[in-house]
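Q: Please take a close look at a single part of this model, and then place that part within the chain as a whole.

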Amino acid sequence: MGTDFLVFYVLLAVLAVCYLVLGTVQAFAIAAGLKQRGFRGWQAGIMAVIIAYLPFVGSAAAVRNAAVGWGWSMRRGAIRLSGPLLLMLAVLLLG
């Protein structure tokens, strides 16, 4: 019974780190798109961090702003920015 809890907490820790990494990448994508739209660096950064860590809103905003700021296609952005979130959700629900 003790190893089950250990595995559970390790899984939660891995998911938390993955979510922080994904949120950071999303924040950079959102900030890049907002800068292209005329926001200043600090304004874009603050807004990006606030939006990026909202689970599905952050992914949608990151996909759109990656297309604007980094020149990615919407499909490429959806796969790279929403795919990991869906994978983490599946691991959390199935694991």
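Is Phe8 buried or exposed, or does Phe8 fall in between? And what surrounds that answer in the rest of the chain?

A: In this predicted model, Phe8 is partly exposed, because its relative accessible area is 41%, and a residue counts as buried only under 20% and as exposed only over 50%. Phe8 belongs to helix α1, which covers residues 2-36.

Phe8 is also one of the residues of a nonpolar surface patch of about 1100 Å², where it is joined by Phe5, Tyr9, Leu12, Phe56, Leu86, Leu89, Leu92, Leu93 and Leu94. The elements that each contribute two or more residues to this patch are α1 and α4, the latter spanning residues 74-94. The largest share, 5 residues, is supplied by α4.

The setting for this patch is a chain with 4 helices and 0 strands, so that, with helices defined as DSSP runs, the order along the sequence reads α-α-α-α. The C-alpha trace spans about 55 × 25 × 15 Å along its principal axes. Of the 95 residues in the chain, 29% are buried, and the chain exposes about 6200 Å², of which carbon and sulfur atoms supply 74%. Among contacts between residues at least 6 apart in sequence, 64% join residues that are at least 24 apart.

Helix α1, the helix that holds Phe8, also has a part in covering another element, for what covers the buried residues of α2 includes α1 and α3, the latter being residues 55-69. Helix α2 itself runs over residues 41-52, and its 12 residues reach 16 Å from the first C-alpha to the last, close to the 16 Å expected at 1.5 Å a residue. Within α2, the residues Ala44, Ala48 and Ala52 are buried; they lie on the same side of α2 because they cover an arc of only 50° around the axis. The face of α2 that is turned away from this buried side carries Trp42 and Ile50, both of which are exposed.

Taken together, Phe8 is a partly exposed residue of helix α1 that contributes to the nonpolar surface patch, while α1 is also among the elements that cover the buried residues of α2.

How values were computed:
Residues numbered from 1 in each chain as written. Predicted model: local features only at pLDDT ≥ 70, side-chain atom pairs only at ≥ 80, totals over all residues. Heavy atoms only, no water. Buried < 20%, exposed > 50% of the residue type's maximum accessible area, 1.4 Å probe, protein only. Contact = heavy atoms within 4.5 Å. Areas by Shrake-Rupley, 256 points an atom, 1.4 Å probe, with all protein chains shown as cover. Expected span 1.5 Å × (residues − 1). Arc of directions from axis to C-beta. Patch = residues over 30% accessible without salt bridge, like charges linked within 9 Å, V, L, I, M, F, W, Y side chains within 5 Å. Salt bridge = Lys/Arg side-chain N within 4 Å of Asp/Glu carboxyl O.
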